[in-house]
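Visitor: I'd like to hear why things get the labels they do here. Shall we look at it together?

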Amino acid sequence: MKSVGRLLTVLAAVILWPAAHAEPLEAFSFGVIPGDRYSHAQRGMLHQALQEADAANLAFVVLQGIKHAPAPCTDETYGARLRMLEQSKHGLIVSVSAGDWARCTDARGRSLAPSRLARVRELFFFDEFSLGSTRLPLVRQSTEAKFLGFVENARWEIGDTMFATINLPANNNHFVMAAGRNGEFEDRLVANKEWLRRVFTYAKLKKIRLVVLFSDANPLSQSANARRDGFSETRQHLRRLATQFPGHTLLVHGEAGTARQKTQINWQGKLGEIAVRQPWARFDVSASAPVPVRLHRSRDQ
């Protein structure tokens with residue numbers, strides 16, 4: 001019966017979504033929850049953040065990070081979070097973080113990153129829809145034959161705004177210094193470059209005014225400590241695409257850094273970035289505004 005119910009929900013989303021968004025929306029809001037900031041002990045706070053987002057009039061919610069980095073990278077941990085996320089009333093899209101897979105190790109400290117990424121992909125990205133009661137249709141990079149495995153990279157549109165997730169873990173893009181052990185990094189680097197190119201290509205073709213990207217890391221910020229900057233190629237590519245794009249581009253990421261977190265978007269021309277902090281953030285989009293997106297100021301943001 002559960003599978004039948006899921007099928008009916010999916011069919012309803014397919015039927016209703018195009019009708020609801022056939023015409024550009026003048027204004028709407030979306031939410032972002034920093035899921036990787038909530039420890040196991042704070043699961044009640046995460047549940048409250050989800051409930052608060054459900055109570056708001058939002059188009060969708062993005063969860064940045066499935067679990068707190070120190071939490072075990074086990075099916076039990078993933079399953080508990082998945083059950084919580086499936087209760088969301090809004091369409092809920094997951095943007096993976098380094099703690100979900102790239103920082104996972106076994107008892108001897110050996111990396112479990114490839115196997116844990118495979119498991120996260122299997123559990124959280126099993127079809128072409130978001131999680132939650134309102135299952136939004138998504139376009140995944142895995143629809144391209146060359147990138148079948150990259151189900152976590154997804155895009156969707158509302159009005160004249162395009163949204164996309166991209167897998168950029170904050171641990172220097174999971175670049176491994178040991179020789180011959182960077183196959184995962186190199187494959188994902190190629191996939192992400194092509195993914196960004198396609199996102200901006202479609203945005204131009206559809207005369208999109210705003211592109212919003214969700215990632216764990218902030219590739220626009222160069223690390224002075226890394227012996228090899230794992231984001232250099234992505235940074236150059238993203239800046240070039242954003243410069244050539246006639247509209248605005250916003251990167252919503254999870255890297256707050258050590259300084260006091262910003263409470264507004266940091267714009268450099270038409271390219272902006274911001275880190276989301278607890279408990280969650282609401283962003284307002286307005287098609288008629290000169291800058292089409294802003295952080296909604298509340299008591300916590």
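Guide: Sure, and we start with pairing: two strands pair if DSSP finds at least two bridges between them. Strands are DSSP runs of E with at least two residues and helices are runs of H or I with at least four, both numbered from the N terminus. In β12, Leu-295 is the bridge partner of Phe-283. One more thing up front: this is a predicted model, where local features need pLDDT of at least 70 and side-chain atom pairs need 80 or more, while totals for chains, interfaces and linings use all residues. Numbering starts from 1 along each chain as its sequence is written, and side-chain values use heavy atoms, with hydrogens and water left out.

Visitor: How do you know that β11 pairs with strand β12?

Guide: DSSP gives 3 bridges between β11 and β12 (residues 293-295), so the bridge minimum is met and they count as a pair. They run antiparallel and form a hairpin with 6 residues between them.

Visitor: What does strand β11 do with strand β1?

Guide: β1 (residues 27-33) and β11 (residues 281-286) run antiparallel, joined by 6 bridges. Phe-30 sits opposite Phe-283 there.

Visitor: What makes β3 and β12 edge strands?

Guide: The sheet is open, with 5 strands in the order β3-β2-β1-β11-β12 and mixed pairing. β3 and β12 each pair on one side only. From one strand to the next, the twist averages 25°. The parallel part of the mix includes β2 (residues 61-64) and β3, which pair over 4 bridges, with Val-61 opposite Leu-92.

Visitor: How do you know that helix α2 packs on the sheet?

Guide: Contact means heavy atoms within 4.5 Å, and α2 (residues 43-55) touches β1, β2 and β3. Its direction makes about 175° with that of β1. Angles run from 0 to 180 degrees between N-to-C directions, with axes fitted to C-alpha atoms and, for helices, over the stretch in contact.

Visitor: Why is α5 called roughly parallel to α6?

Guide: Two packed helices are described by the angle between their axes and the distance between the axes. Here α5 (residues 183-205) and α6 (residues 232-244) pack at about 5°, with axes 10 Å apart. The classes are roughly parallel under 35 degrees, roughly antiparallel over 145, roughly perpendicular from 65 to 115, and oblique for the rest. That angle makes α5 roughly parallel to α6. Among the contact residues are Leu-189, Leu-196 and Phe-200 of α5 and His-237, Leu-238 and Leu-241 of α6.

Visitor: How do the residues of the contact of α5 with α6 divide?

Guide: Into 6 nonpolar, 3 polar and 4 charged. Nonpolar covers Ala, Val, Leu, Ile, Met, Phe, Trp, Tyr, Cys and Pro, charged covers Asp, Glu, Lys and Arg, and the others, Gly among them, are polar.

Visitor: Which strands does α5 lie across?

Guide: β4, β5 (154-158), β6 (161-165), β7 and β8, running at about 170° to β6. Those strands belong to an open sheet of 7, ordered β4-β5-β6-β7-β8-β10-β9 with mixed pairing.

Visitor: Why do β4 and β9 stand at the edges?

Guide: β4 (139-140) and β9 (266-268) each have a single partner strand, so one side of each lacks a neighbour in the sheet. Elsewhere in that sheet, β7 (residues 210-214) and β8 (residues 248-253) run parallel with 5 bridges, and Val-211 stands opposite Thr-249.

Visitor: What makes a space a cavity or a pocket?

Guide: On a 1 Å grid over the protein atoms alone, a cavity is a set of points where a 1.4 Å probe fits but cannot get out; a pocket is an open set with protein on both sides within 12 Å along at least five of seven lines, and lining residues have an atom within 4 Å of a point. By this rule there are 2 cavities of 30 Å³ or more. The largest has a volume of about 50 Å³, where volume is the space filled by probe spheres set on the points, joined across faces, edges and corners. Its lining has 8 nonpolar, 1 polar and 1 charged residues, including Phe-124, Phe-125 and Arg-140. Strand β3 (residues 92-95) gives the largest share, 3 residues.

Visitor: What lines the second largest cavity?

Guide: Pro-34, Asp-36, Gln-64, Gly-65, Ser-97, Ser-215, Asp-216 and Gly-254, which come to 1 nonpolar, 5 polar and 2 charged.
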